Each structure stands twice: as C-alpha cells, then as structure tokens.
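Colleague: Hi, have you got a few minutes to walk me through this structure? I'd like to get a feel for how the pieces fit together.

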Amino acid sequence: MSYLLKYTGDKVVGRIQLPASKSESNRLLIIHALCNDNFTIKNISESNDTKSLQEALQLIKAKSANVVDVGDAGTSFRFLTALLSITEGTWFLKGSSRMHQRPIKPLVEALKQIGADIEYLESVGFPPLKIIGKKLEGGTVNITGAISSQFISALLLIAPALKDGLSITINEGIVSESYFKMTTEMMNLFGVRVQRKENTLVVNSGKYRTHLLDRDENNISFYTVESDWSAASYWYSVAALCKECTLTLVGLKKDSWQGDAAVASIYRHFGVHTIYELQEIVLQKHMSDTNLVEFDFINCPDLAQTVSVTAAFTTNSFLLNGLQTLRNKETDRLTALKNELIKLNVNVGIIDNSLRIDSRKPEIAELVSIHVYDDHRMAMSFAVLVFVMGSIRIENPEVVKKSYPNFWIDLRSVGVEIIPNE
C-alpha cells in the first residue's frame with residue numbers, strides 16, 4: 001500500500017486540529033493508575049501508542065491475563081516495566097520484533113538495584129521480559145542518562161509508590177532532558193515534588209493527589225492534554241517549503257511543558273514566524289534567517305527528521321547534532337534519513353551522531369517513492385515535500401496512526417490530492 005501525493009497550489013491556508021500529545025497522555029495514564037483520587041483525562045491521545053498503553057493498563061487492573069503485548073510502543077514498554085515491577089503477580093511483557101531490538105537494560109538494572117525481580121526471556125538487555133511484581137522498598141539507584149530519558153521517567157513515575165521513595169543519580173550525561181522535565185512538572189501538579197540537585201533526583205514516598213487540578217461542573221477533577229508539538233513540526237515544515245501560507249494550529253500553548261515546542265524557535269531560521277493566540281498558534285511565512293546552519297537536537301530528537309527534510313530543500317548547508325538516540329527508535333532513523341534523502345539528490349552524510357546536509361533544490365526528473373521503515377515520523381517528514389516537489393509517493397502510509405491518525409485527512413484539507421495505490 002502506498003499514497004501518491006500531488007499538489008499544484010501556491011498558497012497554503014488551513015486550520016488544523018492537531019492530535020493530543022501522546023507524551024503527556026502516557027504519563028497521565030501511569031499517574032492515573034497509581035492515584036488514589038479519581039480524575040478525568042480530557043483530550044487524551046488517539047494514537048496507537050496511547051491506545052496500546054490504555055489496553056495494557058486495563059488488562060493489568062483486571063488481572064484478566066498476565067501476558068502484556070505493547071507492539072511497537074516504546075514509551076509504553078518502558079513505563080510498564082517499572083509499573084509491573086511494583087504490581088503483584090507474574091507478568092510477561094513483550095512487543096514487536098523491532099521492540100525486542102531496543103535496549104531496556106539500564107532500566108531493568110536500575111530496578112534490580114531496589115529489589116525488582118526481572119528476567120530477560122531472550123537476549124540479555126532486551127525485551128521480552130518476565131517480571132514478578134511485588135512491593136518494593138525503594139532507596140537509591142544509579143542509571144545512565146545517555147540512552148533514553150524514558151528510563152528516568154519510568155522510575156520517577158513509580159517513585160512515590162515506594163515505601164522509602166527513590167533517589168536517582170543520572171550518569172554519563174542526559175539525552176532528551178526536556179522529556180523527564182515534563183514528567184517532573186506533571187508529578188508536581190499531582191502533588192508529588194521532585195527535588196533535583198545537579199544529576200540527582202529525589203522523590204519522597206507519597207501519593208498522587210488531584211487537589212491542584214481544575215474541576216468540571218460535576219466537581220470532578222480533570223486534566224486536559226495539550227496538542228502535540230511534534231505533530232506541529234510537519235506544518236512548520238509546510239510553512240517553510242511553500243511559497244505563501246497562513247496556517248492555524250489548534251490546541252498549543254506558549255508555555256508548553258513539551259520540549260518539542262522548540263520547533264517554533266528552530267523554524268524562525270527557515271522564515272516561519274509563530275503568532276501565539278489563546279490555545280492556538282498561527283504560522284506565517286517571512287524571509288528566512290540563513291545565518292544559523294547548525295542545530296542541536298539532544299533535547300528534542302523527535303524534531304530531527306522534519307528539520308532534516310526541510311533543510312535539504314533550502315539554500316544552506318546544515319549540521320544537525322545530538323542525534324545519538326535516533327538509532328534506537330522505530331528504526332535507525334539516521335540511516336533511514338540518509339537513504340531517502342539520497343533518493344532526492346541531496347548530498348548527505350553521517351558523522352558520528354550528526355547529520356551533514358549540503359542543501360540544494362535538486363532537479364528530480366521522475367517520481368520518487370519514499371520507504372518509511374515502519375516509522376511514522378519518516379512518513380510525515382517526507383510527505384510535506386509534496387509542497388515543493390509537486391508529487392511524491394509515500395509507502396506504508398498507515399504508520400502515521402502511531403502518533404497522528406488524522407495526518408492524511410489534514411493534508412487533504414489544505415489541498416493535497418492523495419491517491420491510494422495497492
């Protein structure tokens with residue numbers, strides 16, 4: 001299955017209701033599972049990742065089965081590894097074949113430091129896992145911060161449920177720090193304070209509470225999930241690549257906890273200005289700032305693919321740094337980016353954990369088909385090239401359901417013709 005995309009317009013105008021943040025949604029679901037107070041999650045993500053976590057939590061609560069399969073949902077796997085360690089019973093946690101290639105050892109070893117009973121069922125350091133859940137006292141753990149911030153978030157989220165709380169010392173640097181900062185902000189909102197001194201995080205034993213949340217007309221506490229800033233990045237790319245645009249993106253906040261809100265400052269260098277309004281933003285095209293040609297994505301790696309594709313169709317050369325976590329995502333995103341950009345006559349190279357792009361507007365005589373490697377962000381990042389190329393083919397378009405189920409509907413709404421092909 002593939003989609004042939006075509007576009008013949010000059011000006012892109014639209015109002016896009018972005019999907020809810022799955023990062024916020026997934027953290028809220030774990031807090032909800034551990035919270036004694038009832039509260040409602042409004043605008044929860046409809047992504048496959050979040051649905052997978054919801055289904056797993058329902059199964060765990062009902063104890064209707066002890067095999068939990070989260071497919072390719074990486075966040076879900078890591079959060080559940082920690083949660084199941086303190087949930088009484090014997091559990092088998094598994095995922096897709098790609099998930100079984102993604103490292104889990106730093107989190108498992110950290111949990112074992114406080115007495116967790118976890119066994120690797122196939123390769124050491126990788127899923128699937130056998131977890132014998134039990135009450136854990138807590139204490140002190142050491143963990144690397146160089147692989148994934150989700151390991152740290154997973155530990156933080158269960159910390160108040162431990163009798164002695166938890167002290168987490170992070171070694172070897174921290175990648176995607178903005179994501180565990182989001183975790184700490186959300187925990188604080190639910191009455192659990194995370195104390196930080198340099199690279200040590202301390203959480204005392206306690207309970208998640210809802211007294212700081214808003215209440216609805218029935219006096220029920222609720223939290224409304226913000227729209228997803230990483231989903232907004234594709235529309236920033238549209239604004240940068242098209243000749244003229246006015247795009248309104250609904251559901252975003254200027255003071256967002258999401259690290260991917262950095263997309264607004266990044267895309268100023270591509271001539272996209274952001275106007276902040278009440279619960280929405282407006283993107284407008286201006287003259288680009290070509291002075292900056294180097295970006296660091298250590299705290300917002302999910303923006304890297306979108307920015308790489310945008311950069312490839314501008315007039316500068318760019319160096320994109322801080323991409324080490326991209327190798328352990330849904331695919332090896334560094335290699336995937338290089339392979340597909342080469343198809344577009346872009347001169348691109350991988351230098352350690354960086355991507356070098358010698359940008360130009362290449363002349364391409366024939367229709368290019370983009371392989372997406374079962375990666376939702378590959379599909380969406382390259383799809384927006386239709387606005388500069390006029391036509392492009394995207395293979396396996398269904399993968400966008402992982403984070404942005406209505407992406408193709410939204411693309412149609414701004415004038416893109418989408419022709420399915422078997």
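**Sheets, helices and a ring pair**

Modeller: Happy to! Let's take an open sheet of four strands, where the order is 4-5-7-6 and the pairing is mixed. Keep in mind that this is a predicted model.

Colleague: Which strands stand at the edges of that sheet?

Modeller: Strand 4 (67-69) and strand 6 (117-120) do. Each has a single partner strand, so one side of each is left without a neighbour in the sheet. From one strand to the next, the twist averages 20 degrees.

Colleague: And in what sense do strand 6 and strand 7 pair, parallel or antiparallel?

Modeller: Antiparallel, over four bridges, with strand 7 covering residues 129-133. If you want a spot to look at, I118 stands opposite I131 in strand 7.

Colleague: What holds paired strands together, in general?

Modeller: Strands of a sheet pair through backbone hydrogen bonds, in either a parallel or an antiparallel way.

Colleague: OK, helices now. Which strands does helix 3 lie across?

Modeller: Helix 3 (residues 74-85) lies across strand 4, strand 5, strand 6 and strand 7, and runs at about 35 degrees to strand 7. Helix 2 (residues 48-62) lies across strand 4 and strand 5 (89-94), and its direction is about 170 degrees to that of strand 4.

Colleague: How do helix 1 and helix 3 cross?

Modeller: Their axes come within 10 Å and cross at roughly 20 degrees, helix 1 being residues 22-34. That angle makes helix 1 roughly parallel to helix 3. The crossing is right-handed.

Colleague: Which residues make the contact?

Modeller: N26, R27, I30 and L34 from helix 1, with T75, F79 and L83 from helix 3. By class, that contact has four nonpolar, two polar and one charged residues.

Colleague: Switching topic: what is the strand order in the open sheet that includes strand 2?

Modeller: The order is 2-14-16-15, four strands with mixed pairing. Strand 2 (11-17) and strand 15 (272-277) are at the edges with a single partner strand each, so one side of each has no neighbour in the sheet. Neighbouring strands are turned by 15 degrees against each other on average, direction ignored.

Colleague: How many bridges join strand 2 to strand 14?

Modeller: Seven, and the two strands run parallel, with strand 14 spanning residues 244-250. R15 stands opposite T248 in strand 14. Helix 7 packs on this sheet, touching strand 2, strand 14, strand 15 and strand 16 (280-285), and makes about 25 degrees with the direction of strand 16.

Colleague: What about aromatics, how many pairs are there?

Modeller: The structure holds 13 aromatic pairs. One of them is W235 with F407, a tilted pair at 6.4 Å centre to centre and 50 degrees between the planes. This pair links distant parts of the chain, since W235 is in helix 7 (residues 229-241) and F407 is in helix 13 (residues 407-413), 172 residues apart.

Colleague: Last one: which residue takes a positive phi in the hairpin of strand 19 and strand 20?

Modeller: D352, with phi near 55 degrees; the hairpin has two residues between the strands. Five bridges join strand 19 (residues 347-351) to strand 20 (residues 354-358), and the two run antiparallel. V348 has I357 in strand 20 as its bridge partner.

How values were computed
Residues numbered from 1 in each chain as written. Predicted model: local features only at pLDDT ≥ 70, side-chain atom pairs only at ≥ 80, totals over all residues. Heavy atoms only, no water. Pairing = 2+ DSSP bridges. Axes fitted to C-alpha atoms, helices over the stretch in contact; angles between N-to-C directions. Contact = heavy atoms within 4.5 Å. Phe/Tyr/Trp six-rings, centres within 6.5 Å; stacked < 30°, edge-to-face > 60°. Parallel < 35°, antiparallel > 145°, perpendicular 65-115°, else oblique. Left-handed = near helix turned anticlockwise from the far one by under 90°. Nonpolar A, V, L, I, M, F, W, Y, C, P; charged D, E, K, R; others polar.
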